[in-house]
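Hello,

Here is the structure you are taking over. Please look through it first, then read the notes below it.

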Amino acid sequence: MHSFFIFFRNNYIMKVKKIVFFYLIIFNIFYSEDIYVTGINIRKEQDGIILEWKAETNCYDFIIFRSFEKPIDNLEKLKKSEVIFSNKLTGEEKDNYFLFKYKDSLIQNQNIYYLVLPVKNINKEDFLPNINFNYKPYFIKRDIIKIKDLFGKRYRDSIIILWDVEGGIEEKINFKIYKTNQPFDKVNIDFMKPYAENIEDFFFEDFNVRYGEEYYYLILPEKENIYTKENVVYLKGEFFPTNGIFVEKELKVREKIKKSEFIKNFTNQGK
């Protein structure tokens with residue numbers, strides 16, 4: 001009796017395995033291309049923007065779209081979007097799913113919208129907010145380097161400009177300088193060529209100056225192009241060159257002193 005029960009149980013298990021195997025084959029035939037994407041997440045790293053999403057397969061071809069205007073939530077907006085990636089990726093296993101990552105370039109001061117999908121025939125059912133596209137814009141504000149302690153002074157036949165920046169500096173900064181004879185709110189620096197650029201130090205000396213002319217200098221970090229009053233130093237035209245100045249003095253009493261007496265009185269070396 002006991003042996004019959006064991007035989008019946010083993011026979012039942014074999015039938016169940018065959019049925020499961022049969023359904024797995026059917027599933028792979030009809031649904032192998034039905035790969036889903038879910039849980040899109042966007043975060044910033046120092047040198048880029050990281051996109052993360054989940055899928056039920058460990059390796060697949062994905063396509064990523066990007067837009068700076070509106071969420072990519074329909075086919076019409078998809079056509080106006082930019083394809084930034086289309087290739088095979090391998091995911092990292094996490095519990096019962098696989099985590100995929102892609103690094104986009106560091107884009108600042110713009111609204112950014114992404115859509116991530118497996119490579120397939122896309123239809124309207126694929127646009128799911130916060131599942132495979134972000135509905136709210138992703139925005140990274142650029143940290144503008146602020147100039148402080150800006151100082152300019154005429155020195156003989158040149159002008160010296162000194163400055164500093166707020167906060168700590170994690171990387172090397174180059175500066176550029178614009179120069180005009182009129183206030184910067186009356187000119188457009190977008191159409192101006194910098195007077196000097198690739199300045200690595202926190203000072204600049206300008207030898208191309210003239211007597212009587214006033215000058216405005218705008219100091220900016222190399223990657224900035226925004227005019228602010230705090231970045232401007234003004235030098236008046238009151239300047240007297242070192243050469244060609246006639247100085248008149250009135251000499252009332254002039255007493256000649258012998259060299260030997262002068263040396264004796266001031267150095268005690270005279271005879």
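The notes below cover two groups of strands and one surface patch.

This is a predicted model, in which local features need pLDDT of at least 70 and side-chain atom pairs count only at pLDDT 80 or more, while totals for chains, interfaces and linings use all residues. Residues are numbered from 1 along each chain as its sequence is written, and side-chain values use heavy atoms, with hydrogens and water left out.

Strands here are DSSP runs of E with at least two residues, numbered from the N terminus. Two strands count as paired if DSSP finds at least two bridges between them.

Strand β1 (residues 38-45) pairs with strand β2 (residues 48-55) over 6 bridges, in the antiparallel sense. The two are joined by a hairpin through 2 residues. R43 has I50 in β2 as its bridge partner.

An open sheet is formed by 3 strands in the order β8-β9-β12, with antiparallel pairing. Its edge strands, each pairing on one side only, are β8 (147-155) and β12 (203-206). Between β8 and β9 there are 7 bridges, and R154 stands opposite I159 in β9.

L162 also lies in β9, which covers residues 158-165. F151, L162 and F203 make a nonpolar surface patch of about 290 Å². Patch residues have over 30% relative accessible area and no salt bridge (a side-chain nitrogen of Lys or Arg within 4 Å of a carboxyl oxygen of Asp or Glu); nonpolar side chains (Val, Leu, Ile, Met, Phe, Trp, Tyr) are joined within 5 Å, like charges within 9 Å. Areas come from the Shrake-Rupley method with a 1.4 Å probe, and for residues only the protein chains shown count as cover. L162 has a relative accessible area of 38%, so L162 is partly exposed, meaning between buried (under 20%) and exposed (over 50%).

Regards

Conventions
Helix = DSSP H or I, 4+ residues; strand = E, 2+ residues; numbered from the N terminus. Buried < 20%, exposed > 50% of the residue type's maximum accessible area, 1.4 Å probe, protein only.
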